Amino acid sequence: MPPADAPGSDPAPTAWTRKHLLGLEDLSREEMTAVLDTAESFSEISKRSRKKVPALQGRIVFNLFFENSTRTRTSFSLAAKRLSADTQDFTASVSSLSKGETFIDTAKNIEAMGCDVMVVRHPTPGAPHLLSQHVSSSIINAGDGAHEHPTQGLLDLMTIRRAKGKIEGLTVALLGDIAHSRVARSNIWGLLKFGAKVILCGPPTLVPRSMERLGCEVAYRLEDVLPRCDVINVLRIQFERQQGGMFPSVGEYSQFYMMTQERVRKAKPDLLILAPGPINRGVELTPEVADGKHSAILDQVTNGLAVRMAVLYLVSGKMPAGE
Amino acid sequence: MPTIQITGGRIIDPSQNLDQVGDLWISRGRILPSGGGNEEAEIVVDARGLIVCPGLIDVHVHLREPGNEEDETIATGAAAALAGGVTSVACMPNTIPPIDTQAAAEFVVLQGRRAKQANVFPVGAVSKGRKGEELAGLGQLVAGGAVAFTDDGSPVSNAGLMRRALEYSKMFDLVIMQHCQVMELTAGGVMNEGFESMRLGLGGMPAAAEDIMVARDIRLAEITGGRLHIQHISTARAVELVREGKRRGIRVTAEACPHHFSLTDERLRSFDSNYKMNPPLRTAEDVAAVIEGLKDGAIEILCTDHAPHAREKKMRELDQAPFGIVGLETLLPITVTHLIEPGHLSWSEAIRKMTINAANLLGLSKGTLRPGADADVTIIDPSTSWTIDASQFRSKSRNTPYDGWEVRGRAHTVVVHGEVRYTLGGIVQETPAGASPS
Ligand SMILES: [Zn+2]
């Protein structure tokens, strides 16, 4: 049932009762399904000529970004606007906060201006969790260091579900820098809960063996993994997170792990390739693969908008009724 | 100074292998022979049902003065010690400026005397400015009152300097205490490296960073004949290395802190900075090994690594919050609840690790109830159940992971230098007004 234009209309019956979205580790399969189903009904709005519903009219959504990410911020802003919320961006680096001011102080100030939902991106794992203990707004984690990026995890799940019709039973490889990737962690929790098989592939310095304990397979040779995969999620090499020396050179990395046409040919014919942007063309995947028929990169962007609308909508449902 | 009679308590003094019910007499700052001679008691403490033992000694505390008085001062730290049953503390030199000169050591001694709470003994820095480059004036530090040496807060990374320190300190027969950590392996680390750090996406500090330094320093102690003390031991392999070193007759000792035998790195799932310490909380296996080391004597000292930090500092994001927790007021109850009650250590074994063993490490004439010894006495209520409430701490800081914990055992009355300086129950008669301090 698509959402009607009346405020308070319910796009789908849900199992959602949470005030915050901090990570996928905490969520049940039912809760994630609720987000995906809600997102499906919202994605219909994007096809209308008037791309707006009044669901969050009068609500204020703040984007608190302590780390740059134009894409994620824009996606959240647009999602909030389509729900008729007012949005405001606050962008600062942690080091640019005035001396003695903590990011909790900053958030409290913003809350005092009348904020309902805070979308938080921060370089430190757990920062949104800390914030949720000090402010009364709903908190959406838009990426906390190398910990989680739950809306990215959900949009990847949505993209896989749409392309394959299911998630359960699929074999999904996450390729590249697992150690420093919040996308990897959210994907792992989400995929495992939906019953997918998860393979983590990359050089040993970037793919910790301890991840096996979560129920993932750890592999160092892409060639061994390729034939079994239904989906490969190509993670970005986070040059800014490297403490140096995690691999000898970009050239050597690409030689072993870049997704090329040749490697795609060794995989199943219906292989689905995901890549959370921004991608480094010629490092993690060749331009032909990025723009090729297996690539779902642009679908991910579209689905990201629907997922973020769904999350904003669902966490707002737990706020005291303002209307 | 009044004459004090402590009556009917269970007197446990591991220095004399003593564990019996009886009376303890104190006069003029000294322990009297049993019976008290011809003295007449001015103060009588009823200790029936309580444990009477030598005053507890904590060989590892940070008092933050000078430089970070917003976290703790020598006076507030020494008062927190008393509330925890601790009558003597050895404070680490990582203050601002560091305790690396005679004058700096004398400042600590003076402030400790002024505070008139627990006894305060400075530990001098190993290197000038704690920079790890040149030896500090160890002899001058001794003249200023230093009882040991360490660069704690950081390790002595340079093996050559560590070797010199172990050699040179032999002329005072004082111990070099080492914070064992290979810094190249822990850069960017916030917690123990392993499954939990991987799950949380937090930078890890591998156990091997501690093990490797412990192995290196034991070998350096062997070739120099110096006295090495491993601070806040936390890994299974390090405990094994110390055990092995002792077996081979090397002069190595080790200490463990309550958080390393009562908490694991899984606690960091809360992202609560009160679980951020260095060395970090380790795995359940490491915790079991630390307990085993305490049981078989590989680890002979219990201490706190009391590390106060003002609330605004600990309220920061996990990677920006400082390492460390306060410990003086929770040492005893966590030891009782996690070592004694589960049967890992007897009362006598636990008390030994907080009294005579600690005194021997620092070369203090304390930690014993022998007649003539310094009259520092801790009276413990061993069975009282209570809830730790950080808001009641005497420490200036509140950074504890134990707030709200249900525990057993608590300091009841504390005597320092023959004076009752702390009471919990209020059973003690008032110290006569005008009793002069010495
Ligand atoms: Zn230390």
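How many residue pairs are in polar contact between chain B and chain A, counting those with both residues at pLDDT 80 or more? In this predicted model, the count comes to four such pairs. By class, the side of chain B that touches chain A is made up of eight nonpolar, three polar and four charged residues.

The extent of the interface can be described in two ways. In terms of residues, 15 from chain B are in contact with 25 from chain A. In terms of surface, the area buried between chain B and chain A is about 1,800 Å², and carbon and sulfur atoms give 61% of that area. On the chain B side, the residues that lose the most area to chain A are F195(B), M198(B) and E317(B), which together account for 36% of what that side buries.

Charge pairing across the interface can be followed to a particular contact, since the count between the two chains is one salt bridge. E25(A) forms a salt bridge with R199(B), and the closest N and O atoms of this pair lie 2.2 Å apart.

Turning to the metal site, the zinc ion is coordinated by D152(B) through OD, by H179(B) through ND1 and by H232(B) through NE2, at distances of 2.0 to 2.3 Å. Along the chain, these donors follow the spacing D-x26-H-x52-H. The two histidines link distant parts of chain B, being 53 residues apart: H179(B) sits in the loop between β10 (176-178) and α5 (183-186), while H232(B) sits in the loop between β13 (228-230) and α8 (236-247). Both H179(B) and H232(B) are buried.

Terms used
Residues numbered from 1 in each chain as written. Chains lettered and ligands numbered in written order. Predicted model: local features only at pLDDT ≥ 70, side-chain atom pairs only at ≥ 80, totals over all residues. Heavy atoms only, no water. Contact = heavy atoms within 4.5 Å. Buried area = accessible area lost by both parts, 1.4 Å probe. Salt bridge = Lys/Arg side-chain N within 4 Å of Asp/Glu carboxyl O. Polar contact = N/O pair within 3.5 Å; in protein donor to acceptor, adjacent residues only side chain to side chain. Nonpolar A, V, L, I, M, F, W, Y, C, P; charged D, E, K, R; others polar. Donors = N, O, S within 2.8 Å, 3.2 Å for Na, K, Ca; no water. Helix = DSSP H or I, 4+ residues; strand = E, 2+ residues; numbered from the N terminus. Buried < 20%, exposed > 50% of the residue type's maximum accessible area, 1.4 Å probe, protein only.
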